[in-house]
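User: Please take a close look at one salt bridge in this model and at its surroundings. I would then like to see how it sits beside the other charged pairs, the strands and the buried positions.

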Amino acid sequence: ELKPNYAEALINRGLIQLSQNNKTEALADLELAHRSKPHIRQIWDLVINLKIEAQEFSEAISFLEKMSEADPKNESLWGALARCYYAVNNFHPALEACEKALMINPNNAKLRAYKLFQQANICDWDYTSSDLNIITKLGTEKEYVAPFSLLPFEDAPERHRKRSEIYANCKYLPKASSAEIRTNRRSGRIKIGYFGADFHNHPTMHLIAQVFALHNKADFEIFVYSYGPDKRDNARKKLVDSVEHFFNVHGMTDADIVSHARAKRLDLAIDLKGYTKGQRLEIFSHKVAPVQISYLGYPGTLGTDFIDYIVADTSVIPENMRQNFTEQIIYLPNTYQPTDNTRLISNKVFTRQNAGLPDQAFVFCCFNRNYKIS
């Protein structure tokens with residue numbers, strides 16, 4: 001009160017707010033402290049971490065660019081900058097930031113894998129021999145890498161499992177046991193909770209929308225937990241109309257989401273994200289239901305001890321590949337993948353001419369992301 005711009009006091013109050021999970025208030029204090037004393041490194045680090053956590057990537061980039069100018073030999077700054085650029089789909093600067101970090105420390109496995117992934121995103125196939133020679137070692141020894149980033153680079157299920165296990169052991173410490181949250185159910189409908197970030201106009205919703213609409217509500221009570229952006233489009237509206245319980249938990253902490261879900265006494269919890277962008281698998285490490293299942297968004301193994309099952313089919317996981325998954329496998333007949341059969345097919349007529357293609361030529365076409373070409 002006596003000195004509103006007193007940076008040290010603002011930092012301390014921000015840290016106390018952080019310890020109480022009051023991240024918005026913490027960020028306000030720390031930003032005010034930064035304006036008062038912009039050269040204190042501790043403030044930079046705290047503000048950047050909070051902005052990345054809040055997905056305010058443009059502002060985080062602005063901070064990181066200034067920091068990397070002042071401290072160009074700091075590999076962690078370049079690594080954080082690469083992640084923020086990637087988050088806003090700015091792939092070329094993300095690649096440049098990776099390369100600068102690797103010039104400082106060529107043995108950083110996480111950044112080596114991240115660099116490969118950025119190159120794949122922009123169809124830059126000019127990998128160095130040092131990249132290609134260590135692919136089998138990336139994430140399979142002591143240092144973890146993001147499992148998703150290495151999926152396109154080799155067809156080696158046993159190593160994909162190893163990467164996932166090492167990553168999970170480093171990122172998710174043992175939390176609760178299933179015994180702590182038994183529902184002791186005797187009668188009534190089975191309660192299923194779906195957790196994800198993409199309950200809006202997104203490929204996942206294009207697939208699963210009719211699953212929600214056609215759930216057997218006589219036997220099942222459906223809960224949806226959306227921790228992604230609050231996009232109130234037609235896909236979101238259709239979903240909200242289809243289920244009994246929809247919770248927008250975007251701004252809530254992992255601990256608060258776990259408490260909320262446990263209070264509903266879910267029987268099954270289904271994770272729709274796996275290791276894809278925007279996931280919050282930490283929620284499942286705390287156990288939100290006695291039985292936890294991975295489905296649809298990531299058909300690879302998560303390598304954890306807290307996901308019990310994965311839903312698949314014999315094309316996604318052939319019987320002779322079961323050993324490469326830490327989860328028990330629930331095989332669906334025919335295909336594990338649903339689709340929304342109420343979606344209208346466009347009536348627009350496409351021709352080679354209006355697509356700018358030659359009349360006489362074979363056209364190679366990729367209907368998926370560039371990084372999957374390998």
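Analyst: Lys287 and Asp308 join their side chains in a salt bridge, with 3.7 Å from N to O. This is a predicted model. Lys287 belongs to the loop between α14 (282-285) and β5 (291-294), and Asp308 to the loop between β5 and β6 (309-312), so the bridge ties together parts that are 21 residues apart in sequence. The two partners can also be described by their accessibility. Lys287 has a relative accessibility of 4% and counts as buried because the limit for that class is under 20%. Asp308, with a relative accessible area of 23%, is partly exposed.

The strand β5, which is named in the description of both loops, has pairing partners on two sides of the account. Strand β4 (residues 268-271) pairs with β5 in the parallel sense, over four bridges. Within that pairing, Ala269 has Gln292 in β5 as its bridge partner. Strands β5 and β6 also run parallel, and two bridges join them. Here Ser294 stands opposite Ile310 of β6. As a general point, side chains in a regular strand alternate between the two faces of the sheet.

The pair Lys287 and Asp308 can be set beside other charged pairs, since the structure holds 23 salt bridges. One of them connects Arg13 with Asp29, where the closest N and O atoms are 2.8 Å apart. Arg13 lies in helix α1 (residues 7-19) and Asp29 in helix α2 (residues 23-36), so this pair ties together parts that are 16 residues apart in sequence. Arg13 counts as partly exposed at 46% relative accessibility, whereas Asp29 counts as buried at 7%.

A further salt bridge is formed by the side chains of Asp230 and Arg232, at 3.0 Å from N to O. Asp230 has 33% relative accessibility and counts as partly exposed. Arg232 has a relative accessible area of 73% and is exposed, because that class begins over 50%.

Charged residues also occur in a linked group: Glu31, Lys51, Glu56 and Glu59 form a network of salt bridges.

The buried positions requested include Ala97, which lies in helix α6 (residues 91-104). Ala97 has a relative accessible area of 2% and is buried. Apart from neighbours within four places in sequence, Ala97 is in contact with Trp78, Leu81 and Ala82. For Ala82, which is 15 residues from Ala97 along the chain, the separation between the two C-alpha atoms is 5.2 Å.

Cysteines complete this survey. The structure holds zero disulfides. Cys98 accordingly takes part in no disulfide, and the nearest cysteine sulfur, belonging to Cys84, is 12 Å away. Because a disulfide requires cysteine sulfur atoms within 2.5 Å, that separation of 12 Å does not qualify. Cys98 is buried, with a relative accessible area of 0%, while Cys123 counts as partly exposed at 34% relative accessibility.

To return to the pair at the start, the salt bridge of Lys287 and Asp308 links a buried lysine to a partly exposed aspartate.

Definitions and conventions:
Residues numbered from 1 in each chain as written. Predicted model: local features only at pLDDT ≥ 70, side-chain atom pairs only at ≥ 80, totals over all residues. Heavy atoms only, no water. Salt bridge = Lys/Arg side-chain N within 4 Å of Asp/Glu carboxyl O. Buried < 20%, exposed > 50% of the residue type's maximum accessible area, 1.4 Å probe, protein only. Contact = heavy atoms within 4.5 Å. Pairing = 2+ DSSP bridges.
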